[in-house]
Amino acid sequence: MKVDVVLFAHLATFQPDGKGGRHSRAFDLAEGTIIAEVVEMIGLPDEPRVVFVNSRHAPEDQELFEGDRLAIFPPVAGG
């Protein structure tokens, strides 16, 4: 199944193609893949992060489905 993955801020440097930037990349994943498996596959550091699937907050044990858009942000603060 195809899932779009976009990484924001310094996490964008972990895109597998090495090009950085916050543009989404299409990942070909096995059915039943969960967010945590994608995080591990990409090699993101073990640090706090905020995860959205299709613009909704999602836990890392959530299963992904064909056409989902996974967005991962580092924590941000500000006013």
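# Briefing: a five-stranded sheet and one helix

Valine 51 stands opposite isoleucine 72 in E5. That pair belongs to a predicted model. The protein chain holds one helix and five strands. The five strands form an open sheet with mixed pairing. The points below start with the whole chain, then take the sheet strand by strand, and end with three loop residues and one phenylalanine.

**The chain as a whole**

- From the N terminus on, the elements follow the order β-β-α-β-β-β.
- The helix therefore comes after two strands and before three others, as the order β-β-α-β-β-β shows.
- The chain has 79 residues and a radius of gyration of 12 Å, which agrees with the value near 12 Å for a compact globule of that length.
- Along the principal axes, the C-alpha atoms fill a box of roughly 40 × 25 × 20 Å.
- Buried residues make up 35% of the 79.
- Among contacts with a separation of 6 or more, 55% join residues 24 or more positions apart.
- The chain exposes about 4,800 Å², and carbon and sulfur atoms supply 52% of that area.
- There are 7 positive and 13 negative charges, and the mean positions of the two sets are 11 Å apart.

**The sheet and its edges**

- Across the sheet the strands stand in the order E2-E1-E5-E3-E4.
- Strand E2 (25–28) and strand E4 (56–57) are at the edges.
- Each edge strand has a single partner strand, so one side of each is left without a neighbour in the sheet.
- Strands of a sheet pair through backbone hydrogen bonds, in a parallel or an antiparallel sense.

**E1 and E2**

- E1 and E2 run antiparallel and are joined by four bridges.
- In this pairing, valine 5 stands opposite arginine 25 in E2.
- Side chains alternate along E2: Arg25 and Phe27 point to one face and are buried.
- Ala26 and Asp28 point to the other face of E2 and are not buried.
- In a regular strand, side chains alternate between the two faces of the sheet.

**E3 and its two partners**

- Strand E3 (residues 50–53) runs antiparallel to strand E5 (residues 69–73), with four bridges between them.
- E3 also pairs with E4 in the antiparallel sense, over two bridges.
- Phenylalanine 52 has a counterpart in each partner: alanine 71 stands opposite in E5, and histidine 57 stands opposite in E4.
- The covered face of E3 carries Val51 and Val53, while Val50 and Phe52 are on the uncovered face.
- Valine 51, of the covered face, is the residue opposite isoleucine 72 in E5.

**The turn between E3 and E4**

- E3 and E4 form a hairpin with two residues between them.
- Asparagine 54 lies in this loop, and its phi is positive, about 55°.
- Asparagine 54 counts as partly exposed, because its relative accessibility is 40%.
- The C-alpha atoms of asparagine 54 and leucine 70 are 6.6 Å apart, although the two residues are 16 apart in sequence.
- Leaving aside residues up to four places away in sequence, asparagine 54 touches Gly67, Asp68 and Arg69.
- Serine 55 is also in the loop between E3 and E4.
- Serine 55 has a positive phi of about 70° and is not a glycine.
- Serine 55 has 70% relative accessibility, so it counts as exposed.

**The loop between E1 and E2**

- Alanine 9 lies in the loop between strand E1 (2–7) and E2.
- Alanine 9 has a positive phi, near 55°, in a residue other than glycine.
- Most residues other than glycine have a negative phi.
- Alanine 9 counts as exposed, because its relative accessibility is 55%.

**Phenylalanine 73**

- Phenylalanine 73 lies in strand E5.
- With a relative accessible area of 27%, phenylalanine 73 is partly exposed.
- Phenylalanine 73 and valine 50 are 23 residues apart in sequence, yet their C-alpha atoms are 5.1 Å apart.
- Not counting residues up to four places away in sequence, phenylalanine 73 touches Phe8, Leu11, Arg49, Val50 and Phe52.
- Two of these contacts, Val50 and Phe52, are the residues on the uncovered face of E3.

How values were computed:
Residues are numbered from 1 along each chain as its sequence is written. This is a predicted model: local features need pLDDT of at least 70, side-chain atom pairs count only at pLDDT 80 or more; totals for chains, interfaces and linings use all residues. Side-chain values use heavy atoms; hydrogens and water are left out. Two strands pair if DSSP finds at least two bridges between them. The radius of gyration is taken over C-alpha atoms; the globule rule is 2.2 Å times the number of residues to the power 0.38. Buried means under 20% relative accessible area, exposed over 50%, partly exposed in between (1.4 Å probe, protein chains only). Contact means heavy atoms within 4.5 Å. Accessible areas come from the Shrake-Rupley method with a 1.4 Å probe; for residues, only the protein chains shown count as cover. Lys and Arg count as positive and Asp and Glu as negative; His and the chain ends are not counted. The place of a charge is taken as NZ of Lys, CZ of Arg, CG of Asp or CD of Glu.
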